[in-house]
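Please look over the sequence and the model shown here before reading on, and keep both in view while the text moves from one part to the next.

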Amino acid sequence: SIIVHAMEINESNETFKKKIRSSLKFLKKKIFSHAHSVICISQFTKNKVTELKLCEINKSIIINNGVNPHQFQSLEQKDSTHYPQLLTVARLTPHKGIDQMLYALPPIIREYPNTMYSIAGNGPDKDRLMSIVQELDLQKHVQFLGKVSDQELSRLYSKSDLFILLSRQENHQVEGFGLV
């Protein structure tokens, strides 16, 4: 059996990666054709496997990633002075859609002036996102937390009212099934 997320089968627009992935297409098809089953972590990924004709449709199944709910239970009280608490956990890249959430914040803040949006993670898009925060005057409502520990991550999920992940396909980058 093969477990497929998405990036390993998605085509790349970057020249170097495109050349490598293109040269491996034959090998990829051969491996997939010999697999007993292809386990896809999402409907999106199964659609990609089907679109690329990597295996017979009856060989692919969807099994979503699981989660340990005990890891995310907390007795911590929510901070009612900052309601709602919004959270994104992601590598800071354009396809994660964090910019879209930032652009959506001003009307939310007009309705809920104590809104706080926390962004956990690092990445190459951080400077651009920080510029958007400045441009929209959101400094009092947005915090960039950087990399956080698993313990801190559990705390963040517990105190948040809403988790935000507005992924989109951006060139070859896509969120097959967000692990966060």
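The paragraphs below begin with the confidence of the model and then turn to a pair of strands, the aromatic pairs, the salt bridges and a surface patch.

This is a predicted model, and the protein chain averages a pLDDT of 84, with 78% of the residues scoring at least 70. The confidence varies among the elements of the chain, since helix α1, which covers residues 15-23, has the lowest mean pLDDT, 65, whereas α5 has the highest, 98. Where pLDDT is low, the predicted coordinates should not be read in detail. For a reader new to this structure, helix α1 with its mean of 65 is thus a part to view with that caution.

A good place to start is strand β4, which spans residues 85-89 and is mostly covered, five of its five residues being buried. Within this strand, Q85, L87 and V89 point one way while L86 and T88 point the other way, and residues on either side are buried. The neighbour of this strand is β5, at residues 116-120; the two strands run parallel and are joined by five bridges. To find one of these contacts in the model, start from L86 in β4 and look across to Y117, its bridge partner in β5.

Just before β4 in the sequence comes the loop between β3 and β4, and Y83 lies in this loop. Which residue forms an aromatic pair with Y83? A search of the whole structure finds two aromatic pairs, and in one of them Y83 is joined with Y112 in an edge-to-face arrangement, with 6.2 Å from centre to centre and 80° between the planes. Y112 belongs to the loop between α4 and β5, so this pair links distant parts of the chain, 29 residues apart. Both tyrosines are partly exposed, Y83 at 46% relative accessibility and Y112 with a relative accessible area of 39%. In the other pair, the rings of Y157 and F163 have their centres 5.7 Å apart and their planes at 45°, and the pair is tilted because an angle from 30 to 60 degrees is neither stacked nor edge-to-face. F163 counts as partly exposed as well, at 30% relative accessibility. Y83 also offers a second long-range relation, for the C-alpha atoms of Y83 and S160 are 9.0 Å apart in space although the two residues are 77 positions apart in sequence.

From the rings the path leads to the charged side chains. Side chains of opposite charge can pair when their charged atoms come close. How many salt bridges does the model hold? The count comes to four, and among them is the contact between D99 and R128, whose nitrogen and oxygen atoms are 3.2 Å apart. D99 lies in helix α4, residues 98-111, and R128 in helix α5, residues 126-135, so this pair ties together parts that are 29 residues apart in sequence. R128 forms a salt bridge with D125 too, and there the closest N and O atoms are 2.7 Å apart. Through shared partners, these salt bridges join D99, D125 and R128 into one network. Its two acidic members are covered, D99 being buried with a relative accessible area of 5% and D125 counting as buried at 6%, whereas R128 is partly exposed at 33%.

A further salt bridge joins the side chains of K48 and E51, at 3.6 Å from N to O. The two residues are three positions apart in helix α3, residues 43-51, and are therefore separated by about one helical turn. Is each partner buried or exposed? K48 is buried, with a relative accessible area of 13%, while E51 is exposed, with 54%.

The last stop is on the surface, where L24, F26, L27 and I31 form a nonpolar patch with about 420 Å² of accessible area together. One of these residues, L27, lies in helix α2, residues 25-34, and L27 counts as partly exposed because its relative accessible area, 45%, falls between the limits of 20% and 50%.

Key
Residues numbered from 1 in each chain as written. Heavy atoms only, no water. Helix = DSSP H or I, 4+ residues; strand = E, 2+ residues; numbered from the N terminus. Buried < 20%, exposed > 50% of the residue type's maximum accessible area, 1.4 Å probe, protein only. Patch = residues over 30% accessible without salt bridge, like charges linked within 9 Å, V, L, I, M, F, W, Y side chains within 5 Å. Areas by Shrake-Rupley, 256 points an atom, 1.4 Å probe, with all protein chains shown as cover. pLDDT = per-residue confidence, 0-100. Phe/Tyr/Trp six-rings, centres within 6.5 Å; stacked < 30°, edge-to-face > 60°. Pairing = 2+ DSSP bridges.
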